[in-house]
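Visitor: I should like to go through the assignments in this model one by one and hear the grounds for each.

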Amino acid sequence: MIDIDKYLEQLKSPRLQLAISIQTRLITYIREFLLEASFKEILPVIISPVTDPLTDYRVRGEVECYGFKYQITKSMIFHKQLALHTAPRIFCFSPNVRIETADRQNTGRHLIEFVQLDLEIRQANREEIIKLGEGLFSTVISRIKQDAWADLKTIKRELPYFEPPFKKITYEQAVKTYGQNFELKLSEELSEPAWLIDFPLEEREFYDRQDETRPGTLVDMDLIYPGGYGEALSGGEREYELEKIKSRIRLKGIDLDSYDLYLKLAERGLYPSAGFGFGLERLTRFVCGFQDIADVRLFAKKPGVYGL
Ligand code: ASN
């Protein structure tokens with residue numbers, strides 16, 4: 001059950017108030033940066049017949065309306081690809097629901113409902129998207145340092161300026177250095193953000209594009225925060241050719257029928273593209289230097305915990 005007194009205390013806490021004021025600035029900077037770079041903002045999709053498979057979440061969020069089954073958005077990946085028919089560069093502040101297992105309750109980083117800045121660019125490759133991500137991140141950090149210095153001082157957060165280009169580490173190198181579960185160890189050792197690139201095919205979903213010259217390796221990337229804050233953003237180039245998409249779906253053991261509508265649209269042509277998703281609560285947590293992501297989120301829902 002929800003402890004109402006505790007709940008109200010958290011809603012009124014100066015810590016949350018400060019985080020929300022920082023987050024408001026972050027959203028503004030992101031939007032300004034992307035509009036300046038000729039992006040169009042699209043509105044989020046909350047329910048759809050198709051969503052990101054993200055096969056490690058065993059519970060599917062579903063709603064039934066008028067006898068039709070809709071999935072609750074885990075990510076807008078497919079809608080981003082389709083939205084490129086409307087505009088060549090799109091972004092969205094997209095709410096996602098991912099029903100994580102309860103053992104992730106106290107990681108400080110996981111919420112079952114969160115918002116990501118999701119963006120996609122027609123005809124872009126990984127290099128371009130990496131440049132854009134670095135530019136966006138370093139600009140946002142330098143603006144927040146300047147504008148919110150008093151708030152940052154109150155919470156004793158000292159943020160450095162980050163100068164792109166950021167270092168790149170391959171997945172293979174990361175495993176060699178830190179072992180299979182490397183993300184946090186790597187993040188703890190970093191003093192600047194770094195790109196993790198070239199994930200093996202079996203580690204990601206079917207839409208990340210396989211490098212034709214290196215079968216089994218994807219043309220994708222994550223940005224890892226320094227200081228132990230883990231993953232900042234995740235994305236890559238996309239599969240856009242029907243036969244390749246189908247074979248990747250089959251390889252995942254997913255029934256082609258469950259992507260019928262998407263495949264029919266892909267058959268009519270998708271643009272080559274690249275993009276990423278950048279978790280907003282995690283960005284706010286990093287900027288504030290807080291341990292617990294619930295301290296930056298109103299109505300936070302942690303895995304396994306009932307919330308408002
Ligand atoms: N938004 C991510 C991307 O663009 C996908 C995800 O969130 N799973 O690759």
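Visitor: What makes the approach of R238 to the ligand a polar contact?
Guide: In this predicted model, a polar side-chain atom of R238 lies 2.7 Å from an oxygen atom of the ligand. The cut-off for a pair of N or O atoms is 3.5 Å, so the pair qualifies. K80 also has a polar side-chain atom by a ligand oxygen, at 2.8 Å, while for D52 the partner is a ligand nitrogen, at 2.9 Å. The protein covers 91% of the 270 Å² of accessible area that the ligand has on its own.

Visitor: Which strands each supply at least two residues of the shell around the ligand?
Guide: They are β6 (113–122), β10 (231–237) and β11 (273–279). The shell includes Q116, D118, S234, G235, F276 and G277. By class, its residues divide into two nonpolar, five polar and five charged.

Visitor: Why is N96 called buried?
Guide: N96 has a relative accessible area of 0%. Buried means under 20%, therefore the term applies to N96. This residue lies in strand β5 (residues 89–97).

Visitor: How do you know that the side chains of N96 and Q116 make a polar contact?
Guide: Their distance is 2.6 Å, and the limit is 3.5 Å, so the pair is counted. A second polar contact, of 3.2 Å, joins the side chains of N96 and R98. Both Q116 and R98 are among the residues that surround the ligand.

Visitor: How many residues apart in sequence are N96 and K74?
Guide: They are 22 residues apart, with a C-alpha to C-alpha distance of 4.8 Å. K74 is also among the residues that N96 touches, as are T73 and S75.

Methods
Residues numbered from 1 in each chain as written. Predicted model: local features only at pLDDT ≥ 70, side-chain atom pairs only at ≥ 80, totals over all residues. Heavy atoms only, no water. Helix = DSSP H or I, 4+ residues; strand = E, 2+ residues; numbered from the N terminus. Buried < 20%, exposed > 50% of the residue type's maximum accessible area, 1.4 Å probe, protein only. Contact = heavy atoms within 4.5 Å. Polar contact = N/O pair within 3.5 Å; in protein donor to acceptor, adjacent residues only side chain to side chain. Near = heavy atom within 4 Å. Areas by Shrake-Rupley, 256 points an atom, 1.4 Å probe, with all protein chains shown as cover. Nonpolar A, V, L, I, M, F, W, Y, C, P; charged D, E, K, R; others polar. Lists of a residue's contacts leave out its neighbours within four places in sequence.
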